[in-house]
Structures are given as C-alpha cells and as structure tokens.
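Hello,

Here is the structure I said I would pass on. My notes follow below it.

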Amino acid sequence: MRQEKASAIIAGASGLVGDELLHQLLACEHFNIVYSLSRRELPFHSKNLTQIVHPELRVTTWDETDHTPTYGYICLGTTTKQAGSSKDLEAIDYQLVKDVANTMHLLGVKNITVVSSFGAHPWSPSHYLRCKGKMEQALSKMGFARCTFVRPGPLTGERSKPRKDEIIVQRLFEIIHPLMMGPLGNLEPIPAEDVARNMLTLSLEPEYTDSKKTQVISGKALIRKKSSHKNDKNKSA
C-alpha cells in the first residue's frame, strides 16, 4: 500500500541548522508540502515550499484547503550578545519558541522536533540554559503526540555572521578532544548539517510508546547517530 505523503512546517529556516533542515525537508520524499515561518522572505524558491512571512512569526490567515502540517520543526535561538539583554534573550529562546510551538499545535502539528542546548534545565544557574529548560518543559505540556528536543554542543558550519564564541570553542576542542570522555562528550562540536539530518531522521522514526512521547537527544547521542549515518552510506556505496 502506498503511504500518503505528509506536510511539514519549520520556523527558523534562515539560521544555521534551520537552513540545512529546510533543504533536507524539501528533498525528502516523505513530504509533499513544506511551510516555512519566517520574519522575512527566504532567498530561494521551490514548488514544494510555501513561505509564511510575519515579523513576529505568526500565522494570521489559514485557508481550509491548505495542507495540514502534521510535522513541526523549530530552529530558533539567540545569544545574550545578539539579543541585547537577558530579558530579550528570554523573549526569543523561551517565549517566542513557546508561541510558535502553540501556533503549530493549533495548525494541526502532532510531531514536533526542536533545537535546544546541552545543559538545558529549568532551574539551571545559567540564564541561557534556564530559558532552554523552561522552553522544553512548556512544549512538553502542550499536548503534542510526539515531542523531541535535540541538545547539540557547539555548532560548526558557515553562518552569515560567524559567532566568535563558537570559533573559540572549536579551536579549543581541537586541543582538548582526547580528554573529553563521559558527559564532556556532549560538548563536542557538531556540523549543523548533521544536527538537521538527525532532527529529520528522529521525527520519522516509528511512534514512541505512551511513556516516551517526549524524547531528549544529547549531543553525544547526536554524534553517535552521525557516525551511524556515515556507516550506512558506506554500506550502500
């Protein structure tokens, strides 16, 4: 029996991970329509891409004839330096992500996959990690059938505006890599392309049991999955 194709919606497609994920979604045979929710129009087009542009990432109109997106992906995030203050960071990493997730839920999304961060916890002493933890907690209670959070370490890839802190971490990692064992393995830098590929793969895995509707994937697990992807490619070559 031929499986009916699904539709997806992604927020944050102009970012490092989001840009990679959008291209992978458009290339994936599982989806017939991909909606992108962004503040400004993306600089490319595809017959399978429908762009929703709003300065506050809201969906103000929706036609009943539009395909219902049952898969949702959120790749939003910032830093205190970029945001301008701790309050502004929280407005994006917590409140905006929560609002976008709620919008996706109202549109019909059942399966949501979100970029978080290593060390995320609602009671973390770090404001950044506390915002990520509060975000995870809020989305887990929204009623999605499946909710997946990926917690990568520092990202590698070409940003339009490189982050100085990520460059420093990447160089430092080259020196201390042999010493990074156990939990420290979660801090290993990972290419944005691999994070995106993991997000897509995880979202399409068989349904969870009732006790595992929320899943958190550590940076270390993302690295392992990256290696398994490469092994699968080698076997099929």
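How many disulfides does the count come to? Zero, by the rule that a disulfide is a pair of cysteine sulfur atoms within 2.5 Å. Cys131 is buried (under 20% relative accessible area, with exposed over 50% and partly exposed in between; 1.4 Å probe, protein chains only), at 2% relative accessibility. Cys147 is buried as well, also with a value of 2%.

This is a predicted model: local features need pLDDT of at least 70, side-chain atom pairs count only at pLDDT 80 or more, and totals for chains, interfaces and linings use all residues. Residues are numbered from 1 along each chain as its sequence is written, and side-chain values use heavy atoms, leaving out hydrogens and water.

The largest nonpolar core (buried Ala, Val, Leu, Ile, Met, Phe, Trp, Tyr and Cys joined through side-chain atoms within 4.5 Å) has 33 residues. Ile10, Val17, Leu21, Leu22, Phe31 and Tyr73 touch the most other members. Among the elements that each supply at least two of its residues are strand S1 (6-11), helix H1 (16-27) and helix H6 (192-203); helices (H or I, at least four residues) and strands (E, at least two) are DSSP runs numbered from the N terminus. Apart from this core lies another, of 29 residues, including Ala83 and Phe149.

Ile10 is in contact (heavy atoms within 4.5 Å) with Leu21, Val34, Tyr73 and Met104, among others, not counting residues up to four places away in sequence.

Regards
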